[in-house]
Amino acid sequence: MIKFQVFEEKIANEYKKDIKMYLKQVLEENGIKNNDNQINKIYRDMVSYIKDGSAIIVGAFEEKKMIGFIWAYERYINDEKRYHINYFIISRENRKQGIGQKLMNQIYIIAKKNKVKKIELMVTMNNESAVKFYQKQNFKAERIMLCKEI
């Protein structure tokens with residue numbers, strides 16, 4: 001049975017190895033070059049944001065094994081309170097089982113409780129499975145980030 005739990009510092013420390021593995025995985029799947037220093041920094045930031053209360057992180061656990069997590073934070077766009085999903089990853093072997101939907105539902109519940117009316121995120125265009133997942137969740141393009149290599 002899958003259980004969902006909001007992260008506290010203790011959980012982040014207990015599952016440090018898994019969290020770092022998933023961070024590496026999500027960066028690679030989105031074509032983002034990374035190294036151990038970068039992963040360590042993201043993990044340290046996560047713990048820091050958990051401590052100061054600015055991170056909203058919910059983990060999915062099967063028995064004692066972490067199988068994924070979603071990390072969001074509050075921000076304002078034109079005086080509108082939103083949650084921005086920073087990282088969202090489910091282990092490869094646990095995908096297509098509704099776990100992502102259930103993790104997302106946990107964020108929706110927290111958002112409604114905190115009177116947040118919009119959830120936003122960025123997704124790499126060539127990550128087709130993620131794009132399809134978010135479209136099924138009724139996410140719509142609101143802004144488009146354009147990039148040019150020089």
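**Close-up views of helix α3 and selected salt bridges**

**View 1. The end of helix α3 in a predicted model.** Just after α3, Gly53 adopts a positive phi of about 80°. The helix itself covers residues 36-52, 17 residues in total. From its first C-alpha to its last, α3 reaches 24 Å, close to the 24 Å expected at 1.5 Å a residue.

**View 2. The start of helix α3.** A side-chain oxygen of Asn35 comes to within 3.0 Å of the backbone nitrogen of Asn37. Asn37 is also one of the exposed residues on the face of α3 turned away from its buried side.

**View 3. The two faces of helix α3.** Ile39, Ile42, Tyr43, Met46, Val47 and Ile50 are the buried residues of this helix. Seen down the axis of α3, these buried residues fall within an arc of 135°, so they line one face of the helix. The face turned away from the buried side carries the exposed residues Asn37, Arg44, Lys51 and Asp52.

**View 4. The surroundings of the buried residues of α3.** Two helices, α1 (9-14) and α2 (16-29), pack against the buried residues of α3. Strands β2 (55-62), β3 (65-77) and β4 (80-90) also pack against them.

**View 5. A salt bridge between Lys51 and Glu9.** The closest N and O atoms of this pair are 3.6 Å apart. The salt bridge links distant parts of the chain, with Lys51 in helix α3 and Glu9 in helix α1, 42 residues apart. Lys51 has a relative accessibility of 56% and therefore counts as exposed. Glu9, at 32% relative accessibility, counts as partly exposed.

**View 6. A salt bridge between Arg82 and Glu120.** Here the closest N and O atoms lie 2.9 Å apart. Arg82 belongs to strand β4 and Glu120 to strand β5 (residues 118-121), so that the pair links distant parts of the chain, 38 residues apart. Both residues, Arg82 and Glu120, are buried.

**View 7. A salt bridge between Glu142 and Lys118.** The two side chains meet at 2.9 Å, N to O. Glu142 lies in the segment after α5 (128-136) and Lys118 in strand β5, so the pair ties together parts that are 24 residues apart in sequence. Glu142 is partly exposed, with a relative accessible area of 43%. Lys118 also counts as partly exposed, at 31% relative accessibility.

**View 8. A network of salt bridges.** Arg75, Glu80, Arg82, Lys118, Glu120, Glu142 and Arg143 are linked in this network. The structure as a whole holds 14 salt bridges.

Conventions:
Residues numbered from 1 in each chain as written. Predicted model: local features only at pLDDT ≥ 70, side-chain atom pairs only at ≥ 80, totals over all residues. Heavy atoms only, no water. Helix = DSSP H or I, 4+ residues; strand = E, 2+ residues; numbered from the N terminus. Expected span 1.5 Å × (residues − 1). Buried < 20%, exposed > 50% of the residue type's maximum accessible area, 1.4 Å probe, protein only. Arc of directions from axis to C-beta. Contact = heavy atoms within 4.5 Å. Polar contact = N/O pair within 3.5 Å; in protein donor to acceptor, adjacent residues only side chain to side chain. Salt bridge = Lys/Arg side-chain N within 4 Å of Asp/Glu carboxyl O.
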